[in-house]
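The questions below ask how certain labels are earned, and each answer sets a value against the criterion that the label rests on.

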Amino acid sequence: MHTRELHIGQNTLRLETGKLAKQAHGAAVVRFGDSVVLVTACRAANPREGIDFLPLTVDYREYTYASGRIPGGFFKREGKPTERKC
């Protein structure tokens, strides 16, 4: 695993490669403060002829449960407590 750190203000930018996503041609984990992002890149084995642009796809997923928010609410997921007394 290769690691580089750069201090920016009071936070540290940390780049880590070689630990995750080993099937990708290139991968890095980037950390800045409390934020973490996994960046991967893959390429084709052979170049395609006749293409004069770079076809780029970005797949962004923000999971709400990572910040403590559960879609649908707690009661929908867990069920409401009974209202009748035993």
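Q: What makes the pair of side chains of Glu16 and Arg14 a polar contact?
A: In this predicted model, the side chains of Glu16 and Arg14 approach to 2.8 Å. The criterion asks for a pair of N or O atoms within 3.5 Å, and the pair of Glu16 and Arg14 at 2.8 Å is therefore counted as a polar contact.

Q: Why is Glu16 also said to form a salt bridge with Arg14?
A: The closest N and O atoms of Glu16 and Arg14 are 2.8 Å apart, and a salt bridge needs a side-chain nitrogen of Lys or Arg within 4 Å of a carboxyl oxygen of Asp or Glu. The pair therefore meets this rule as well.

Q: Why is Glu16 called buried?
A: The relative accessibility of Glu16 is 10%, and the word buried applies under 20%, so Glu16 counts as buried.

Q: Where in the fold does Glu16 lie, and with which residues is Glu16 in contact, leaving aside its neighbours within four places in sequence?
A: Glu16 has its place in strand E2, which covers residues 11-17. With those neighbours set aside, Glu16 is in contact with Met1, His2, Thr3, Ala27, Ala28, Val29 and Arg31.

Q: What makes Arg31 and Glu16 a salt bridge, and which parts does the pair tie together?
A: The closest N and O atoms of Arg31 and Glu16 are 3.4 Å apart, which is within the 4 Å that the rule allows, so the pair is accepted as a salt bridge. Because Arg31 lies in strand E3 and Glu16 in strand E2, the pair ties together parts that are 15 residues apart in sequence.

Q: How many salt bridges are there by this rule, and which residues do they join into one network?
A: The count comes to three. Besides the pairs of Glu16 with Arg14 and of Arg31 with Glu16, the side chains of Glu5 and Arg14 meet at 3.2 Å, N to O. Through shared partners, Glu5, Arg14, Glu16 and Arg31 are joined into one network.

Q: Why are Glu5, Arg14 and Arg31 called partly exposed?
A: The label covers the range between under 20%, which is buried, and over 50%, which is exposed. Glu5 has a relative accessible area of 46%, Arg14 stands at 29% and Arg31 has 34%, so each of these values falls in between.

Q: How do you know that E1 and E2 are paired?
A: Two strands pair if there are at least two bridges between them, and seven bridges join E1 to E2, so the criterion is met, with the strands running antiparallel. Within this pairing, Leu6 stands opposite Leu13 in E2, and the bridge partner of His2 in E2 is Thr17. The hairpin of E1 and E2 has two residues between the strands, and Gly9 takes a positive phi near 65° there.

Q: What makes E2 and E3, and likewise E3 and E4, paired strands?
A: E2 and E3 pair in the antiparallel sense over five bridges, while seven bridges join E3 (residues 26-32) to E4 (residues 35-41), which also run antiparallel. Since at least two bridges are required, both pairs qualify. In E3, Phe32 is the bridge partner of Leu13, and Ala28 stands opposite Val39 in E4. E3 and E4 form a hairpin with two residues between them, where Gly33 in the turn has a positive phi of about 65°.

Q: What is the order of the strands in the open sheet, and why do E1 and E4 count as standing at the edges?
A: The four strands of the open sheet follow the order E1-E2-E3-E4 with antiparallel pairing. E1 (2-8) and E4 each have a single partner strand, so one side of each is left without a neighbour in the sheet. From one strand to the next, the twist averages 15°.

Q: Why is Thr3 called partly exposed?
A: Thr3, found in strand E1, has a relative accessibility of 27%, and this lies between the 20% and 50% limits, so the label follows.

Conventions. Residues numbered from 1 in each chain as written. Predicted model: local features only at pLDDT ≥ 70, side-chain atom pairs only at ≥ 80, totals over all residues. Heavy atoms only, no water. Buried < 20%, exposed > 50% of the residue type's maximum accessible area, 1.4 Å probe, protein only. Polar contact = N/O pair within 3.5 Å; in protein donor to acceptor, adjacent residues only side chain to side chain. Contact = heavy atoms within 4.5 Å. Axes fitted to C-alpha atoms, helices over the stretch in contact; angles between N-to-C directions.
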